[in-house]
Amino acid sequence: MRAIATVCLSGDLRSKLEAVARAGYDGVEIFENDLLSFDGTPSELRALCERLGLKIVAFQPFRDFEGMPEPQRTRNFERAERKFDLMEELGTDFLLVCSNVSPQCIDDLDRVAADLRELAERAARRGLRIGFEALAWGRHISDYRDAWDAVKRADHPALGVVLDSFHILSRGLELDTMASIPADKIAFVQIADAPLMDMDVLQWSRHFRCFPGQGRLPLREFMQALAETGYEGPLSLEIFNDAFRAAPTEATALDGLRSLIWLEQLAEGAAWSLSEPPASAYSGIHFIEFTLDEESAAPLGEFLSALGFRHIGRHRSKNVELWRQGDIHLVLNFETDSFAHTFRLLHGTSVCAVGFRVDDLDAAMARAKLYKAPVFRGPVGEGEMEIPALRGIEGSLVYLVNDAQARDVQWKTDFMLFEDGDVDDVGLLNVDHLSYVLPPTQLLSWLLFHRTVFGFDAGSEHEIADPRGMVVSQAVTSPDSSIRIPLTVSSARDTLPGRFLSEHQGGVQQIAFATGQIFDTIDAMRARGLPMLRIPANYYDDLAARFDLDDDLLEAMRSRNILYDRNDDGEFFHAYTETFMGRFFFEVVERLGNYTQFGAVNAPIRLAAQASQKRPVSR
C-alpha cells in the first residue's frame with residue numbers, strides 16, 4: 001500500500017486529501033495539526049476519505065508518552081483514551097507513538113516497556129493498534145534498536161515497532177538488526193530521503209527531508225533490509241520540507257507517488273517489490289524547438305546564421321522552419337493555434353520543446369507511463385509522423401524520437417527539404433547540454449522527474465556567485481552522458497537566473513553546442529558577426545597563474561574570449577555569445593579527454609560579464 005502523511009503537502013486538509021487521491025495513493029496518515037485546523041468533524045473527515053477512496057492508515061503523532069513520572073503518567077493515559085475516541089470517529093485503527101523528548105522522561109527501559117504494554121492493552125480493548133518509533137533526537141530512545149528492545153519487552157500483540165528511514169539512516173545506524181525483526185512486529189514503515197548535511201539532526205529533519213530519489217541517504221540498503229523481514233504493510237512518506245510547504249499541492253503529491261514507485265524496485269525479493277521497465281538507451285538531443293512570432297524571426301535568424309546554422313526546410317502543414325548544422329536540428333515554430341503559441345504567451349520567444357533520441361521507444365513510453373508522466377498529443381497532419389511527447393515539470397515538452405527514424409526519416413516525412421548545396425558551417429557537431437532556470441521550489445521535482453521517468457543520474461550541487469546573489473546548479477545526465485541538463489535556481493531576484501525567472505517564467509536559458517576545433521569555430525562565428533561575451537583580461541592573468549599553459553595558447557584564448565578548465569580526466573574550453581534579446585544565450589564547448597563537468601569554476605566570471613552586458617529591451 002502506498003501512503004503519504006498529510007504533513008508532506010501544502011494547503012488545507014481538504015485540498016491535501018483531494019490531491020493525494022488524484023495522484024493515486026491508497027492511504028493517508030492524518031497529522032494531528034491538520035485535523036485540528038480542519039473545518040469539520042472527525043466523522044466528516046472519515047466520510048471525505050471514504051468518498052475519495054483513501055484509507056486512513058495512521059493517526060500521528062502521540063508525543064512524550066513513555067517513561068513519565070506521576071502525575072504526568074496518569075494524564076498521558078487519559079490523553080491516550082481521548083485519542084482512541086478520536087481514532088474511532090476517524091475510522092483508523094493505528095496510532096503512532098514517537099519516543100519521548102521531555103526532560104522529565106525517566107531513563108528506564110523496563111518502565112518504558114511497561115508503559116507501552118499498558119497502552120497497547122487499552123488499545124486492544126477497542127480493536128486498535130500501537131506503533132512505537134525512535135526519534136533520532138529522542139531523550140533516551142533515539143535508536144530504532146532500543147525502540148525494538150522496548151517493544152520486545154512489552155510483548156503485546158497490539159504493539160509493534162515503527163521504522164523510519166530518516167531517523168535510522170540520518171544517524172548511520174546498522175541495518176542487520178532491522179533485517180532480523182519479524183514482519184508481524186513491524187507496525188508501520190515511514191520513508192524519507194535527505195541531502196547529506198553536517199547539521200543538527202532535528203533541524204535537518206524539520207526542514208530538509210525530501211522524497212526518495214531526491215536525496216543521498218542509502219535507501220537501497222534500507223529497502224533491502226526491509227525486504228528481508230517479509231514486511232508487507234504500508235510504505236508511507238513523511239516529509240518535512242520548507243520547499244514542499246510552498247509548492248503546489250498537486251505537483252508535490254505526484255512527486256511523492258513517483259518516489260514510492262521508484263523506491264519499490266529497490267526492495268529486491270519483497271513480495272511487493274516492483275520490477276520497473278529499464279530506461280531506454282539515449283543518443284543525444286535530437287532537436288530543440290523554439291516558439292517565436294514573426295517580429296522576432298529575423299533577429300533570431302540572423303543570430304542562428306552567425307552561429308553557422310542554415311535554414312534547410314519548411315513543415316508540410318504548419319508554419320514551422322527547420323535549421324541544421326552538424327547533428328543539431330533547430331525547429332522554429334511560428335504557429336498561432338498550437339501548444340507552441342500557448343507556451344509563447346507565457347514565456348515569450350523561448351525553447352518550448354526538446355527531442356531525445358531513444359533506442360527503444362516502447363520501453364521509454366512504458367517507463368513514462370509507470371512513473372505517471374503526462375503524455376501530450378498535438379495535431380498530426382495526413383502522412384506526418386506521430387512523435388510521442390511528455391509534459392515536463394514547467395509545461396514544456398520532451399519528445400521521444402526513435403533513433404532509427406530520427407536521423408533522416410522524420411525530417412523527410414514532415415518537412416519539405418531544400419537542396420543542401422555546399423555545406424558552409426562553423427564546425428558545431430551536436431548539442432552538448434541545455435541549462436534550465438527553475439523556481440527554487442521546483443528543483444527537487446525536476447531531479448526526481450528525470451531520475452524516474454528517464455533513468456537519468458543526478459550530479460552534485462554547485463554554488464556559484466553571481467554579482468547580485470548566489471546561484472545553485474545541479475545537473476541531470478543520461479547514463480551514457482549523451483544528454484546533459486544542468487538545472488539552475490536562485491532565490492535572489494536580481495541574479496541573471498533570477499531576472500530570467502521573473503521576466504520570462506524560467507525555462508531554457510543556455511544552449512551549449514560541441515565543436516572539435518573551438519578556436520576555428522569562434523573565428524568563423526566572429527567573421528559572421530556573432531556578438532561574443534567579453535571576458536576580462538584579469539581572468540587570463542589568473543589562468544596563467546593556476547595552470548601551466550603555453551603563452552601562445554593563453555593569447556589565443558584571450559583574443560577569442562575562451563574560458564578554460566582542467567581536471568584529472570581532461571580539459572574543457574568554452575566561450576559564450578551575448579544574450580539574445582535579454583532571454584537566452586549560446587555556449588560553444590570543446591571537451592578533451594574524459595572531462596564531464598561544465599566549467600563551474602568559470603561560472604562567476606561568466607555571470608559577472610553578463611551582468612555588465614548592456615541589456616536590450618525585450619520584445
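**Stop 1: the loop after helix H6**

Begin by selecting His-156, which sits in the loop that runs between helix H6 (144-154) and strand E6 (159-164). The model on display is predicted. With a relative accessible area of 4%, His-156 is buried, because the cut-off for that class is under 20%. Show side chains as sticks and bring up Glu-121: its side chain and that of His-156 form a polar contact at 2.7 Å. To complete the surroundings of His-156, add Arg-117, Ala-120, Ala-124 and Lys-185, which belong with Glu-121 to the residues it touches once those up to four places away in sequence are set aside.

Next, select Asp-155, a residue of the loop between H6 and E6. Is Asp-155 buried or exposed? Asp-155 counts as exposed, because its relative accessibility of 57% is over the 50% cut-off. The backbone of Asp-155 also merits inspection: phi is positive, at about 50°, although the residue is not a glycine. Most residues other than glycine have a negative phi.

**Stop 2: a second positive phi**

Move to Asn-561, in the loop between helix H22 (551-560) and strand E24 (563-567). Here too phi is positive in a residue other than glycine, with a value near 60°. Asn-561 has a relative accessible area of 13% and is therefore classed as buried.

**Stop 3: two cis peptide bonds**

Select Gln-60 and Pro-61 together and display the backbone. The peptide bond joining Gln-60 and Pro-61 is cis, with omega at about 0°. Pro-61 is part of strand E3 (residues 55-62). Then go to Glu-70 and Pro-71, where the connecting peptide bond is cis and omega is near 5°. Pro-71 lies in the loop between E3 and helix H4 (72-90). For context, most peptide bonds are trans.

**Stop 4: Ser-280 and its polar partners**

Select Ser-280, in the loop between helix H12 (249-264) and strand E9 (282-291). Ser-280 is buried, because its relative accessible area of 5% falls under the 20% cut-off. Which side chain makes a polar contact with the side chain of Ser-280? The partner is Asp-359, at 2.8 Å. The Ser-280 side chain also reaches a backbone atom, the nitrogen of Asp-360, at 3.4 Å. Val-358 and Ala-364 join Asp-359 and Asp-360 as the contacts of Ser-280, apart from neighbours within four places in sequence.

**Stop 5: the nonpolar cores**

Now colour Leu-163, Phe-290 and Phe-356, the residues with the most contacts inside the largest nonpolar core, a set of 188 residues. A second core, separate from the largest, has 20 residues, among them Val-331, Phe-339, Met-385 and Ala-406. In soluble globular proteins, nonpolar side chains tend to be buried together.

Centre the view on Leu-163 and add its contacts beyond four places in sequence: Tyr-144, Ile-168, Met-178, Ile-181, Ile-186, Phe-188, Val-189, Gln-190, Phe-222 and Leu-226.

**Stop 6: the largest pocket**

Rolling a probe the size of a water molecule over the atoms shows where empty space is left. The largest pocket holds about 830 Å³ of space. To find it, select Pro-195, Leu-443, Leu-444, Glu-461 and Gln-474, which lie nearest its centre among 30 lining residues. Then highlight helix H9 (201-208), helix H11 (242-246), helix H18 (443-453) and strand E21 (469-477), each of which supplies at least two residues of the lining. Coloured by class, the lining of the largest pocket shows 15 nonpolar, 10 polar and 5 charged residues.

**Stop 7: the second largest cavity**

A search of the whole structure gives 5 cavities of 30 Å³ or more. The second largest cavity contains about 80 Å³ of space. Select Gly-392, Val-398, Tyr-436, Trp-446 and His-450, the closest to its centre of the 13 residues that line it. Strand E13 (350-358) and H18 each give two or more residues to this lining. Which element gives the most to the lining of the second largest cavity? H18 does, with 3 residues. By class, the lining of this cavity comprises 9 nonpolar, 3 polar and 1 charged residues.

The tour may end on H18, which contributes to the lining of the largest pocket and to that of the second largest cavity.

Methods
Residues numbered from 1 in each chain as written. Predicted model: local features only at pLDDT ≥ 70, side-chain atom pairs only at ≥ 80, totals over all residues. Heavy atoms only, no water. Core = buried A, V, L, I, M, F, W, Y, C linked by side-chain atoms within 4.5 Å. Buried < 20%, exposed > 50% of the residue type's maximum accessible area, 1.4 Å probe, protein only. Contact = heavy atoms within 4.5 Å. Helix = DSSP H or I, 4+ residues; strand = E, 2+ residues; numbered from the N terminus. Polar contact = N/O pair within 3.5 Å; in protein donor to acceptor, adjacent residues only side chain to side chain. 1 Å grid on protein atoms, 1.4 Å probe; cavity = no way out; pocket = protein on both sides within 12 Å on 5 of 7 lines; lining within 4 Å. Points joined across faces, edges and corners; volume = space filled by probe spheres on them. Nonpolar A, V, L, I, M, F, W, Y, C, P; charged D, E, K, R; others polar.
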